[in-house]
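Me: I should like to learn how to read a protein–DNA model systematically. Could we proceed feature by feature, with the general idea preceding each case?

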2 protein chains.
Amino acid sequence: MTVSGSRTEGIRAAALDLFTRLGYGATTMADIGAAVGIRGPSLYKHVASKQDLLVQIMTDTMDNLLALHRVAVDSSSDPTERLRRATEAHVRYHARHRQEAFVGNREIRSLAEPHRTKILTRRAEYEAGFRDLVTEGVAAGCFSVASARLASYAILDLGMGVAAWFRDDGELTEDTVAWQYGEFALSMVGAPPRS
Amino acid sequence: MTVSGSRTEGIRAAALDLFTRLGYGATTMADIGAAVGIRGPSLYKHVASKQDLLVQIMTDTMDNLLALHRVAVDSSSDPTERLRRATEAHVRYHARHRQEAFVGNREIRSLAEPHRTKILTRRAEYEAGFRDLVTEGVAAGCFSVASARLASYAILDLGMGVAAWFRDDGELTEDTVAWQYGEFALSMVGAPPRS
DNA sequence: CCTGTCGGCTAATGAGGGTTAGCCGACTGT
DNA sequence: ACAGTCGGCTAACCCTCATTAGCCGACAGG
């Protein structure tokens with residue numbers, strides 16, 4: 001095994017960047033090749049297809065997101081703290097991996113079956129995770145919401161928004177956004193103000 | 001003027017529907033034609049181009065959104081009430097015109113210049129409108145936020161989310177979502193709990 | 001009737017772009 | 001030295017589309 005794994009990684013990174021900026025459909029294999037200094041057809045020495053590049057990106061993204069979610073949830077048994085940490089993890093992922101998250105949200109349509117279904121299932125799992133956190137909190141008397149579904153959608157949507165506008169060199173740091181959105185989430189589910 | 005205006009409208013509606021479901025790039029003129037019962041090339045008897053269809057949709061959407069925003073803002077002079085109404089208008093538009101909002105958010109990339117710039121300018125105006133509402137509220141002592149920018153982004157992102165998941169036949173009605181999101185917005189900017 | 005115009009159609013054009021075929025230089029291991 | 005593999009390249013294939021050209025039936029008005 002040579003360092004060529006790094007070339008494959010470079011291709012994936014370039015593809016991610018271009019998919020983010022131009023969209024999957026508008027990105028050509030020639031574009032991706034140019035970004036790593038080779039011609040379009042040469043890419044096929046490293047990757048199976050353009051579609052495969054997208055599938056890899058989306059799958060990795062969902063895996064990472066789910067893994068981080070589980071870690072965050074398992075790190076506490078207090079419903080309020082669990083929701084805060086899950087929200088922060090969600091926001092941090094979307095700030096730190098803006099491109100993955102952005103493409104992951106926007107290009108589901110570009111996925112061919114059966115991958116689309118698989119990703120949508122993973123996504124539904126993730127959403128259900130948040131809904132459960134809210135429901136548990138309500139059951140434990142920590143939260144008070146009109147609709148657990150609505151509250152969880154709202155929290156998730158906040159994260160997606162972050163992926164759209166967050167910039168590393170912007171005036172808002174990842175820590176600021178994560179903390180603030182954690183607070184937003186708790187206030188939206190009617191958790192009592194901070195201890 | 002014949003009833004052919006209705007055909008043109010039908011085409012626009014079909015295009016909007018298809019752009020929403022498949023995306024601009026993946027929608028073909030033949031698809032749009034089929035949706036109204038004619039062949040692709042026949043569309044050119046009614047519309048200038050595929051790109052033009054998108055431009056119309058995006059422009060109308062931004063015009064409507066800005067108009068509704070102004071009405072909402074002008075309907076009160078109390079900062080809290082202004083923000084609540086603007087948020088409700090935002091959410092209602094995104095629930096009622098899911099497709100327009102969805103396409104408007106997602107297909108900016110598909111717009112050719114100079115339309116893209118024009119739409120982005122309009123969009124920036126709209127965002128600034130919300131930021132100003134938050135800033136005014138803070139100045140008036142009604143709100144308390146860590147960052148007006150962050151709070152306004154959060155409110156806007158909630159609306160975009162609505163366009164993605166709202167369904168007319170879902171368990172959540174437009175009224176429920178609008179009211180609840182208005183409350184979310186106020187709680188996020190630290191407005192004192194309801195009167 | 002005759003003549004436009006309206007609004008459809010099919011066929012053709014031309015560009016774009018994913019993917020495959022087949023060639024070749026460079027480096028590796030023997 | 002030599003054989004093989006790795007990873008480039010160009011050319012070609014082939015398909016999908018937006019758009020244009022040019023034809024034609026229906027129908028309205030004189």
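Reply: Let us begin with polar contacts. A polar contact is a pair of N or O atoms within 3.5 Å. The model shown here is predicted. In it, a phosphate oxygen of DNA strand D lies 2.7 Å from an N or O atom in the side chain of Arg7(A), which is within that cut-off.

Me: Which backbone atoms come to 3.1 Å or 2.7 Å from a phosphate oxygen of DNA strand D?

Reply: A polar backbone atom of Thr27(B) is 3.1 Å from a phosphate oxygen of this strand. For Met29(B), a backbone N or O atom is found 2.7 Å from a phosphate oxygen of DNA strand D.

Me: How many residues surround DNA strand D, and which are the closest?

Reply: The strand is surrounded by 16 residues, with Arg39(A), Ser42(A), Lys45(A), His46(A) and Tyr44(B) the closest. Of the atoms of DNA strand D that come within 4 Å of the protein, 64% belong to sugar and phosphate. Sorted by class, the surface near this strand comprises five nonpolar, seven polar and four charged residues.

Me: What surrounds DNA strand C?

Reply: DNA strand C has 16 residues around it, and the closest are Met29(A), Tyr44(A), Ser42(B), Lys45(B) and His46(B). Sugar or phosphate supplies 66% of the strand C atoms within 4 Å of the protein, and bases supply the rest. The nearby surface consists of five nonpolar, seven polar and four charged residues.

Me: Which protein atoms lie 2.6 Å or 2.7 Å from a phosphate oxygen of DNA strand C?

Reply: A polar backbone atom of Met29(A) is 2.6 Å from a phosphate oxygen of the strand. The side chain of Arg7(B) places an N or O atom 2.7 Å from a phosphate oxygen. For Arg39(B), a backbone N or O atom is 2.7 Å from a phosphate oxygen of DNA strand C.

Me: Let us turn to the fold. How many helices and strands does chain A have?

Reply: Chain A contains eight helices and zero strands. Its C-alpha trace spans about 60 × 40 × 35 Å along the principal axes. Of its 195 residues, 50% count as buried. Among contacts between residues at least 6 apart in sequence, 68% join residues at least 24 apart.

Me: How is the length of a helix to be checked, for instance that of α8(A)?

Reply: One compares the span expected at 1.5 Å a residue with the distance between the end C-alpha atoms. Helix α8 of chain A, residues 174-188, has 15 residues and should span 21 Å; its end C-alpha atoms are 21 Å apart, so the two values agree. For α7(A), with 18 residues, the reach from first to last C-alpha is 26 Å, close to the 26 Å expected.

Me: Why is α8(A) described as largely enclosed?

Reply: The description follows because 11 of its 15 residues are buried. Among them are Val177(A), Tyr181(A), Phe184(A) and Met188(A). The cover over the buried residues includes α4 and α7 of chain A, together with α7 and α8 of chain B. After the helix comes Gly190(A), with a positive phi near 70°. Helix α7(A) is mostly covered as well, with 14 of its 18 residues buried.

Me: Is Val177(A) buried or exposed, and why?

Reply: Val177(A) counts as buried because its relative accessibility is 0%, and the cut-off is under 20%. Setting aside neighbours within four places in sequence, Val177(A) contacts Val91(A), Val162(A), Trp165(A), Phe166(A), Leu172(A) and, in chain B, Leu150(B). Val177(A) and Arg92(A) are 85 residues apart in sequence, yet their C-alpha atoms are 8.1 Å apart in space.

Me: How should one describe the interface between chain A and chain B?

Reply: The size of an interface is often given as the accessible area lost when the parts come together. Here chain A and chain B bury about 2,400 Å² between them, with 62% of it on carbon and sulfur atoms. Arg106(A), Arg109(A) and Leu150(A) supply 28% of the area that chain A buries against chain B, more than any other three residues. In terms of contacts, 31 residues of chain A meet 31 residues of chain B.

Key
Residues numbered from 1 in each chain as written. Chains lettered and ligands numbered in written order. Predicted model: local features only at pLDDT ≥ 70, side-chain atom pairs only at ≥ 80, totals over all residues. Heavy atoms only, no water. Near = heavy atom within 4 Å. Polar contact = N/O pair within 3.5 Å; in protein donor to acceptor, adjacent residues only side chain to side chain. Nonpolar A, V, L, I, M, F, W, Y, C, P; charged D, E, K, R; others polar. Helix = DSSP H or I, 4+ residues; strand = E, 2+ residues; numbered from the N terminus. Expected span 1.5 Å × (residues − 1). Buried < 20%, exposed > 50% of the residue type's maximum accessible area, 1.4 Å probe, protein only. Contact = heavy atoms within 4.5 Å. Buried area = accessible area lost by both parts, 1.4 Å probe.
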